[in-house]
Amino acid sequence: MNRWIKLALLAVAAVVAAQLLVRPPGSGGVERGPAPPLALPGLDGSRVDLAALRGKVVAVNFWASWCGPCVLEIPELAEVWTENRDRCFELLGVAEESAREDVARMARTIPYPVLFDERAEALGPWGVQGYPRTVLVDAEG
């Protein structure tokens, strides 16, 4: 059993080291340049376009209905949105890889706009590799 713990710790250390090696030097996870386009329908069918929110700071939260950590952070995100929505701030929840019915059920308790990315097409341009993932877009886009 002790050997398995050591092997698991070694595997975790290798993954962390690999992540540090592939990250560009000095990036600190901050991307420069314009945010990728994002225009998706809300559950009501209305289309929300990130470009129309220029001039506001926008937090884009990618999540899935089956993701435990995503579900746990939604109340905190709702609190942040409620406290800051009148301050040139918007929060967009982008539901990925989830059944429309599950997203609709969860959206009843989410006060900020929930967008539905039925084909998970937004993930690639935004560099989302796992959930939850929140990206902050400044007022200049």
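I take a contact to mean heavy atoms within 4.5 Å. On that basis I looked up how far apart in sequence the contacting residues are: among contacts with a separation of 6 or more, 71% come from residues 24 or more positions apart. The model I am reading is predicted.

**Entry: overall layout.** I listed the secondary structure and found 4 helices and 6 strands. Going along the sequence, I read the order as α-β-β-β-α-β-α-β-α-β. The protein has 141 residues, and 33% of them count as buried. I also looked up the exposed surface, which comes to about 9,400 Å², with carbon and sulfur atoms supplying 58% of it.

**Entry: nonpolar core.** I looked up the largest nonpolar core and found 36 residues in it. The residues with the most contacts inside this core are Leu 38, Val 60, Phe 62, Trp 63, Tyr 112, Trp 126 and Tyr 131. I then checked which elements give two or more residues to the core: strands E3 (57–63), E4 (89–96), E5 (114–117) and E6 (133–137), together with helices H2 (68–84), H3 (100–107) and H4 (123–126). In soluble globular proteins, nonpolar side chains tend to be buried together.

**Entry: Phe 62.** I listed what Phe 62 touches, leaving out residues up to four places away in sequence. The list includes Val 94, Glu 96, Ala 122, Leu 123 and Trp 126. Val 128, Tyr 131, Pro 132, Arg 133 and Val 135 are also on it.

**Entry: aromatic pairs.** I found 2 aromatic pairs in the structure. Phe 62 and Trp 126 make a tilted pair, with 5.7 Å centre to centre and 55° between the planes. Phe 62 sits in strand E3 and Trp 126 in helix H4, so this pair ties together parts that are 64 residues apart in sequence. I checked burial for both, and Phe 62 and Trp 126 are each buried.

Trp 66 and Tyr 131 make an edge-to-face pair, at 5.8 Å centre to centre and 80° between the planes. I located Trp 66 in the loop between E3 and H2, and Tyr 131 in the loop between H4 and E6; the two are 65 residues apart, and their pair links distant parts of the chain. I then asked whether Trp 66 is buried or exposed. Trp 66 has a relative accessible area of 53%, so I enter it as exposed. Tyr 131 has a relative accessible area of 18% and is therefore buried, the cut-off being under 20%.

**Entry: Asn 61.** I turned to Asn 61, which lies in strand E3. Its relative accessible area is 0%, so Asn 61 counts as buried. Which side chain does Asn 61 join through a polar contact? I found Thr 134, with a polar contact of 2.7 Å between the two side chains. I also listed the residues Asn 61 touches, not counting those up to four places away in sequence. They are Glu 73, Leu 77, Leu 91, Leu 92, Gly 93, Val 94, Pro 132, Arg 133 and Thr 134.

**Entry: disulfide.** I searched for disulfides and found 1. Cys 67 is joined to Cys 70, with an S to S distance of 2.4 Å. I read 80° about the S-S bond, and the link of Cys 67 and Cys 70 is right-handed. I noted Cys 67 as buried, at a relative accessible area of 5%. Cys 70 counts as buried too, with 0% relative accessibility.

Key: Residues are numbered from 1 along each chain as its sequence is written. This is a predicted model: local features need pLDDT of at least 70, side-chain atom pairs count only at pLDDT 80 or more; totals for chains, interfaces and linings use all residues. Side-chain values use heavy atoms; hydrogens and water are left out. A nonpolar core is a set of buried Ala, Val, Leu, Ile, Met, Phe, Trp, Tyr and Cys residues joined through side-chain atoms within 4.5 Å. Buried means under 20% relative accessible area, exposed over 50%, partly exposed in between (1.4 Å probe, protein chains only). A polar contact is a pair of N or O atoms within 3.5 Å; within protein, one must be able to donate a hydrogen and the other to accept it, and residues adjacent in sequence count only if both atoms are side-chain atoms. Rings of Phe, Tyr and Trp (its six-membered ring) pair if their centres lie within 6.5 Å; planes under 30 degrees apart count as stacked, over 60 as edge-to-face and the rest as tilted. Accessible areas come from the Shrake-Rupley method with a 1.4 Å probe; for residues, only the protein chains shown count as cover. A disulfide is a pair of cysteine sulfur atoms within 2.5 Å.
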